[in-house]
Amino acid sequence: MKHVLNVLKSSIDGVNFTKLMALGNEKLHRFVANAITTCRPRSVFICTDAPEDIKYIRQLALDQGEEIPLAIEGHTVHFDGYLDQARDKEHTRYLLPEGKDLGVNINAIDKESGEEESRMLFNGIMKDKVMIVRFLSLGPTNSDFSISCCQITDSAYVAHSESLLYRPGYEQFKNIGSSKEFFRILHSAGELDDHNISKNIDKRRVYIDLEEELVYSVNTQYAGNTVGLKKLSLRLAIRKAAREAWLAEHMFILGVKGPHQRVTYLTGAYPSMCGKTSTAMLPGEYILGDDLAYLRKRAGKVYGANAESGIFGIVQDISEKDDPVIYKALTTPREVIFSNVLVSDGVPYWLGDGRDTPKRGINHSGEWFEGKRDAKGNIIPLAHKNARYTISQMELENCDTNIDNPDGVPISGIIYGGRDSDISVPCEEAFDWNHGVITKGASLESETTAATLDREGVLSFNPMSNLDFLSMPIGTYIKMHLDFAKYLDMIPVIFAVNYFQREKGVYLTGMHDKHVWVKWMELRIHGEADALTTPTGLIPVYEDLRRLFKEVLKKDYTRDSYVRQFSCRVTENLAKIDRIVSIYNKVAETPPLLFELLDEQKQRLLKAREKYGDRISPFDY
Ligand code: SPV
Ligand code: MN
């Protein structure tokens, strides 16, 4: 301990040393001291919750050129390297003791060699940089949802993003005293080139130590790899949740308005490009969270909280016409960080923004002009399709006022959203919790080829939309979901949606129809809408939808649309069951109930086919 104090005292100036020492936490002090010894920064900045510290980080991002100011006040842009535009799945690995693994689909590396590699990569990596030490809270503070986190980074962009995305946690660290229960993340963008881009992308690594609740991220800037509280902590949180019997999920939380001022909260897990954000932001409803939800049981009910308090959202296709709320937030003065958009005369542009876009500017490839090609000869679009905006959720007009409520909000429904052209109906309710967990959540698939209008999309398996972040064997994770409903008096209703049915390349549902499905779910939860029993679940009756289409979208809804959208496609559903069963046959820990429930569904489909044929109109039942 004496050694730790000596390191801290000799490397941190008086003001910052005092801020760190005000947190009487030996484990924290050791973490910071070790990071200093390894990374050898030029200086250390300890960031408290004070406005002047938060402001300092923001200014540092500008002074260091990691962010460039845009024309509108408070707006900046940050560029990640051309090859650093998304999560690096291949190099994101769990550090596990020799001989241990987490099963199929989960990358791991031997802990000793991973740690050795990390030590080498971090060695002296901050020599010309300021080391920023941040304290933040996942979940509302002063709550059983709160998880304290300490992120060390040499990127002011990462630290600044965290000001917008998470709740401050320095005071919370004071409250936890000497507790060893907190997540730790050490990040360095590594050596930067003249444009402030990480140079050593080939040495990009994200290593996660589950036992220590510690993450190393190096030679990368893209927020999904570096903002430790986002997907890196989700992996840690999933394990913590398993130990403590709650759930850490890749879910939005939406407050849906029902009759008589009622607000009903639903969570939703959708793989990317399946309509998750647009559902979370439905106009006229309340957004509590768009990406990460924690679900806990209390007094026989499920309560949910947003792990975050801001949005790191895809900016592509946001236009004034289709997304007025978010478009307004992105085009008026407030704090916004754009990333990997096109900038021309201080104005950010992105794909699908509905504007006339310039033919030249600066983007993630540097100086850009229309027709520019990359080293592989591919045309470079004006902005990356994963270009993003980072914004505090409070900036949205329809942010739910309960976002920081330490109790969370009562969760009445869970939606699993997939993307397929010809298997699933637009919305459907599960028969019960187990049926929903298995046939909707654990069987979630989405087409990877987002742009294709081909009937034969490539379906990728993504249980609970959480596959990328699982930190335990898939079967164990599914069992955790099954067990979650035990001892609950109010079990959330599980729904599935699919906004992407197509016939001959044409979408069967409209872009705004999701609003109707969600309103139907709200009524179902309260027993105020009817449903038809089909082999795969409960679907809306025509009359309810006709009324809701009128009320919500002022649209006529024809019987013909209903039949096309809600007919049961037996062959396609049977094929899906076969695919899912063959995947789980390879998963050692799969709960036997999964096979039983999928087989029951198969039998229901076969029986229905005998009676009604291969494509069953809802009017046939
Ligand atoms: C996602 O990909 O699900 C995201 C963005 O929310 S990232 O931070 O990259 O995970
Ligand atoms: Mn996400």
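In the predicted model, the manganese ion (ligand 2) is held by three protein donors, K231 through NZ, H250 through NE2 and D291 through OD, which lie 2.2 to 2.4 Å from the ion. Along the sequence these donor residues follow the spacing K-x18-H-x40-D. The pair K231 and H250 links distant parts of the chain, with K231 in helix 9 (residues 228-244) and H250 in the loop between strand 12 (247-249) and strand 13 (252-257), 19 residues apart. Because buried residues are those under 20% relative accessible area, K231 counts as buried at 7%, and H250 likewise counts as buried at 8%.

Strand 11 (residues 214-218) is mostly covered, five of its five residues being buried. In a regular strand the side chains alternate between the two faces of the sheet. In strand 11, L214, Y216 and V218 point one way, whereas V215 and S217 point the other way, and all of these residues are buried. Strand 9 (residues 183-188) runs parallel to strand 11 and is joined to it by five bridges, with I185 standing opposite V215. Strand 10 (residues 205-209) is also joined to strand 11 by five bridges, but these two strands run antiparallel, and the bridge partner of D209 in strand 11 is L214. Four residues lie between the strands in the hairpin of strand 10 and strand 11, where E213 takes a positive phi near 50°.

A search of the whole structure finds 47 salt bridges. One of them involves D209 of strand 10, whose side chain meets that of K111 at 2.9 Å, N to O. K111 lies in helix 5 (residues 111-122) and D209 in strand 10, so this salt bridge ties together parts that are 98 residues apart in sequence. K111 counts as buried at 17% relative accessibility, and D209 is buried with a relative accessible area of 1%.

A further salt bridge is formed by R167 and D404, the closest N and O atoms being 2.6 Å apart. This pair links distant parts of the chain, with R167 in strand 8 (residues 167-168) and D404 in the loop between strand 24 and strand 25 (409-418), 237 residues apart. R167 is buried, with a relative accessible area of 5%, whereas D404 is partly exposed, with a relative accessible area of 37%. The side chains of E191 and K199 meet in another salt bridge, at 3.1 Å from N to O, and here E191 counts as partly exposed at 45% relative accessibility, as does K199 at 46%. Salt bridges that share partners also join K230, K231, K276, D291 and E308 into one network; among the members of this network, K231 and D291 are also protein donors of the manganese ion.

Elsewhere in the model, five strands form an open sheet in the order 2-3-19-24-18, with mixed pairing. Its edges are strand 2 (68-69) and strand 18 (310-314), each of which pairs on one side only. Within this sheet, strand 19 (residues 336-339) and strand 24 (residues 388-392) run antiparallel and are joined by four bridges, with V336 standing opposite I391 of strand 24. Helix 6 (residues 156-165) lies across strand 3 (75-78), strand 18, strand 19 and strand 24, and runs at about 50° to strand 24.

Technical notes:
Residues numbered from 1 in each chain as written. Chains lettered and ligands numbered in written order. Predicted model: local features only at pLDDT ≥ 70, side-chain atom pairs only at ≥ 80, totals over all residues. Heavy atoms only, no water. Donors = N, O, S within 2.8 Å, 3.2 Å for Na, K, Ca; no water. Buried < 20%, exposed > 50% of the residue type's maximum accessible area, 1.4 Å probe, protein only. Pairing = 2+ DSSP bridges. Contact = heavy atoms within 4.5 Å. Axes fitted to C-alpha atoms, helices over the stretch in contact; angles between N-to-C directions. Salt bridge = Lys/Arg side-chain N within 4 Å of Asp/Glu carboxyl O.
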